[in-house]
Amino acid sequence: MTGLLMVVGGLSAWCERRLGSRPVETLFEHAHLSTVVALRLADGREVVVKARPFEARLAGCAEVQRRLHRSGFPCPELLTDPEPLHCPSELTGQVVTAEALVPGGTVLPPRPEAPELFATALARMTAAAPSTADVPPLVPAPPWNRWDHDDPRPWPWPDDMDVDLNARPGPGWLDETARRVRTRMRRAALPEVVGHGDFESQNIRWNGDRLHVVYDWDSAVARPEAAVAGLAAAVFPAGGPEDRPASVAETERFLSAYARARGRRWTREESEVAWAAGLWVRAFNAKKASVADPHASAPARLAAEAPERLRRADA
């Protein structure tokens with residue numbers, strides 16, 4: 001065994017106990033919000049083990065992934081329920097799951113029809129997803145989806161920075177944008193569906209124009225369908241070859257393509273909620289960027305688009 005498995009050897013005992021076979025090779029490893037290790041087991045299976053801090057919502061996320069896989073939607077098969085890791089290791093106490101490794105596929109290269117491809121894929125996912133009543137609660141939403149947090153101040157606590165964003169005021173227009181988006185979303189009265197709250201290029205693989213697999217089911221959310229679409233429409237190129245948010249024109253094309261895929265036009269309320277939700281994730285990302293680096297480009301890029309996105313959101 002090599003790599004991270006040598007450090008967190010408790011995973012070996014966990015795999016043997018829960019998967020019935022011990023790891024013999026580390027295929028890849030990655031650590032950010034979660035620790036992810038791909039392993040080849042002694043019986044030849046290839047699996048991905050994921051460890052992260054406990055959140056009650058992970059039970060719901062796991063059930064969403066399980067049901068989507070059973071429906072035929074291309075996501076990894078979940079092999080274990082979330083459970084604390086008790087074996088002695090650096091990950092002791094974190095919640096661990098295992099899923100089947102899905103090889104192949106690539107991030108989508110720059111394509112003129114990218115908004116339509118991503119929108120159609122997301123519409124397929126929401127159509128296949130279970131209802132919110134059929135899975136454990138998916139709350140609270142991740143902070144980049146959490147415009148309904150309890151703090152009266154604009155920003156929720158980020159999950160990848162140990163900082164109170166509200167204690168770092170400015171730019172003024174950005175804090176005001178967050179307030180206006182939260183006010184607009186409080187007026188929304190739309191039913192919630194199960195969706196993917198981080199539908200970015202980095203979490204999706206393709207074979208040409210065909211959807212191959214969607215990852216990161218810890219980001220499953222219960223939000224209005226318009227909000228699910230709006231979040232993705234604002235950021236779907238992120239983490240891909242261009243690694244950028246979507247332009248206003250691309251967001252509009254995404255939302256139009258999503259409406260065609262689901263076979264129903266957006267109502268005025270739905271359209272406004274979609275634009276507001278997309279502006280929230282863009283604003284949250286820009287706020288974090290401004291705190292991390294006063295010279296970051298994300299706030300300036302959003303500043304040029306915020307008035308139009310606010311107008312479309314009626315915020």
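## The β7–β8 hairpin

In the hairpin of β7 and β8, two residues sit between the strands, and Gly 208 has a positive phi near 65 degrees. Strands here are DSSP runs of E with at least two residues, helices are runs of H or I with at least four, and both are numbered from the N terminus. The two strands, β7 (204–207) and β8 (210–214), run antiparallel and are joined by four bridges; two strands count as paired if DSSP finds at least two bridges between them. Arg 210 in β8 is the bridge partner of Asn 207.

β8 is largely enclosed by the rest of the structure, because four of its five residues are buried. Buried means under 20% relative accessible area, exposed means over 50%, and partly exposed is in between, using a 1.4 Å probe on protein chains only.

## What kind of model this is

This is a predicted model: local features need pLDDT of at least 70 and side-chain atom pairs count only at pLDDT 80 or more, while totals for chains, interfaces and linings use all residues. Residues are numbered from 1 along each chain as its sequence is written, and side-chain values use heavy atoms, with hydrogens and water left out.

## The five-stranded sheet

There's also an open sheet of five strands, in the order β1-β2-β3-β5-β4, with antiparallel pairing. Its edge strands are β1 (23–31) and β4 (83–84), each of which pairs on one side only. Seven bridges hook β1 up to β2 (residues 35–41), and these two run antiparallel. As an example of the register, Glu 25 has Arg 40 in β2 as its bridge partner.

## Helix α4 and its cover

Helix α4 covers residues 114–128, and its 15 residues should span 21 Å at 1.5 Å a residue; the end C-alpha atoms are 21 Å apart, so the two agree. The expected span is 1.5 Å times one less than the number of residues.

The buried residues of α4 include Leu 117, Phe 118, Leu 122 and Met 125. Ala 114, Pro 115 and Thr 126 are also among them. What covers these buried residues includes the helices α3 (58–71), α6 (225–235) and α7 (248–262), along with β6 (192–196) and both hairpin strands, β7 and β8. Contact means heavy atoms within 4.5 Å.

## One cavity

Count cavities of 30 Å³ or more and you get one, with a volume of about 40 Å³. A cavity is a set of points, on a 1 Å grid over the protein atoms alone, where a 1.4 Å probe fits but cannot get out; lining residues have an atom within 4 Å of a point. Points are joined across faces, edges and corners, and the volume is the space filled by probe spheres set on them.

The lining is Trp 144, Gly 197, Asp 198, Phe 199, Glu 200, Leu 231, Ala 232, Val 235 and Val 281. α6 gives the most, with three residues. By class, that's six nonpolar, one polar and two charged.

## Backbone oddities

Most residues other than glycine have a negative phi, and most peptide bonds are trans. Where does this model have cis bonds before Pro 140 and Pro 171? The bond from Val 139 to Pro 140 has omega near -5 degrees, and the one joining Gly 170 and Pro 171 has omega about -10 degrees. Pro 140 is in the loop between α4 and α5 (172–186), and Pro 171 lies in the loop between α4 and α5 too.

Asp 216, in the loop between β8 and β9 (220–224), has a positive phi near 65 degrees. Asp 243 has a positive phi near 45 degrees, lies in the loop between α6 and α7, and is exposed, with a relative accessible area of 54%.

Notes. On a 1 Å grid over the protein atoms alone, a cavity is a set of points where a 1.4 Å probe fits but cannot get out, and a pocket is an open set with protein on both sides within 12 Å along at least five of seven lines; lining residues have an atom within 4 Å of a point. Ala, Val, Leu, Ile, Met, Phe, Trp, Tyr, Cys and Pro count as nonpolar, Asp, Glu, Lys and Arg as charged, and the others, Gly among them, as polar.
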